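Biologist: Before we discuss this structure, I should like each descriptive term to be justified against its criterion. Could we look at it together?

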Amino acid sequence: MDTRGHLHELDLPFPERVSPDADRARRRSLGWMRDRALLSERDLAAYDVLRLDQLAARAYPFATGASLDLMTDWMGWYFVFDDQFDSPLGRDPARVAEIAAATVEVMDGGPRSGPPDPLKDAFRELWERSVVGMSPGWRQRHRASWTRFIGGYAGEAADRDAPGPPAPARYMAVRRATIGTDSCFDLVERLTGLEVPAEVRRSARLTRMADLSSEVVALTNDLASLGKELASGEFHNIVPVLQSATGCTAEEAAAEAVRMVAVRVAEFRTLAAGIPELCHEYRLTDEDEEAVRTLVRCMEDWMRATRDWSLLTGRYSEAGVREAERPRPWARIYRALW
């Protein structure tokens, strides 16, 4: 059953924008994923159905050339990494914490050690490509974003190991981390060369807008992936979480998720209307003001891109749901751990 129907009910009043360089980035990234041992030759066709180039091209519609290549490679790394935990490994908090710690060490320039680890090696390359030319303050913030994201997998593993779904508040706190959008929002500054001043990025308004857009992305992804996750026995999704907490039906829970998105989008737009006031308050230069506006557009693009990509990718189609009943072919890099 295709469970993506509720995506059409989402009101995301942001323009659809797509980079014109998506097809070229698609072809190149397939080779990059294969050459980094993240995909085998026989995995390429199944992976290509995901159309992660379209997610990158819609989330960063202004990006072309090397900039879009970087983001398409990041998308590939993220989804291959994420799929490792659709297995018994994803229910072992201690093992997941070990993987998270080893990956985080890469950002501190830790030496290559131990057996070959294609995911860690690819992460090292992507990190180095991402931080070049950026300020120490931005690098520190970006490191914190990635640390929250990777560390969130241990939280998910603990929730899966529990006797029942987590409470909604606990679920959303972990989900904000594992959706990974904080690092994605950081990277728009890398792609444009426009860094948001640190004190402005930490402001209550931009912090709240980032949280709201992250939750919209997470809830949208939950609605898109519900069928796939239920087929694979995964209950870390807002629909079963709400069912467990309230005793409602799956349809009622999905409708509530749609309402949750609407509430967050409305608050985001209200806060966005106050961006000129924020820029005036901090007496920003024209360049810094453009950096802030670019960041806000990135948040909008991510909300719209997640919904639109979810409707076109094979990951959440009826065939994708059937495939979810067994591990994806590339979800074997950490198989020795489970």
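Modeller: Let us begin with a criterion: a residue is buried when its relative accessible area is under 20%, exposed when that area is over 50%, and partly exposed in between. The coordinates come from a predicted model. By this criterion Leu52, Asp53, Gln54, Leu55, Ala56, Ala57, Arg58 and Ala59 in H3 are buried.

Biologist: What makes H3 mostly covered?

Modeller: Eight of the eight residues of H3 are buried. The elements that cover the buried residues of H3 include H1, H2, H4 and helix H15, which spans 286-312.

Biologist: Why is Arg51 called buried, and where does Arg51 lie?

Modeller: Arg51 has a relative accessible area of 18%, and the limit is under 20%, so Arg51 is buried. Its place is in the loop between H2 and helix H3 (52-59).

Biologist: What is notable about the phi of Arg51?

Modeller: The phi of Arg51 is near 55°, a positive value in a residue other than glycine. Most residues other than glycine have a negative phi. Ala37 also is not a glycine and has a positive phi, of about 65°. Ala37 belongs to the loop between helix H1 (22-35) and helix H2 (44-48).

Biologist: Why is Ala37 called partly exposed?

Modeller: The relative accessibility of Ala37 is 45%; since partly exposed lies between the limits of 20% and 50%, Ala37 counts as partly exposed. Asp86, at 31%, is likewise partly exposed. Asp86 sits in the loop between helix H4 (65-83) and helix H5 (93-106). The C-alpha atoms of Asp86 and Gly233 are 9.0 Å apart in space, although 147 residues separate the two in sequence.

Biologist: How do you know that the structure holds zero disulfides?

Modeller: A disulfide requires two cysteine sulfur atoms within 2.5 Å, and the structure holds zero such pairs. Cys279 is in no disulfide, as the nearest cysteine sulfur, that of Cys298, is 16 Å away. For Cys298, the closest cysteine sulfur is in Cys184, at 7.7 Å, which is too far for a bond.

Biologist: Are Cys279 and Cys298 buried or exposed?

Modeller: Cys279 has a relative accessibility of 4% and therefore counts as buried. Cys298, with 2%, is buried by that criterion.

Biologist: What makes the Asp159 and His236 pair a polar contact?

Modeller: The side chains of Asp159 and His236 make this contact at 3.1 Å, and the cut-off is within 3.5 Å for a pair of N or O atoms, one able to donate a hydrogen and the other to accept it. Asp159 lies in helix H7 (residues 136-161) and is buried, its relative accessible area being 10%. Besides His236, Asp159 touches Gly164, Pro166, Arg170 and Val174, with residues up to four places away in sequence not counted.

Biologist: Why are H12 and H13 called roughly perpendicular?

Modeller: Helix H12 (residues 238-246) and helix H13 (residues 250-272) pack at an angle of about 115°, with axes 8 Å apart. Angles of 65 to 115 degrees count as roughly perpendicular, and H12 and H13 therefore receive that description. H12 passes H13 in a right-handed crossing.

Biologist: Which residues of H12 and H13 meet?

Modeller: From H12, Ile238, Val239, Leu242 and Gln243 take part; they meet Ala250, Ala253, Ala254, Glu256, Ala257 and Met260 of H13.

Note on methods
Residues numbered from 1 in each chain as written. Predicted model: local features only at pLDDT ≥ 70, side-chain atom pairs only at ≥ 80, totals over all residues. Heavy atoms only, no water. Buried < 20%, exposed > 50% of the residue type's maximum accessible area, 1.4 Å probe, protein only. Helix = DSSP H or I, 4+ residues; strand = E, 2+ residues; numbered from the N terminus. Contact = heavy atoms within 4.5 Å. Axes fitted to C-alpha atoms, helices over the stretch in contact; angles between N-to-C directions. Parallel < 35°, antiparallel > 145°, perpendicular 65-115°, else oblique. Left-handed = near helix turned anticlockwise from the far one by under 90°.
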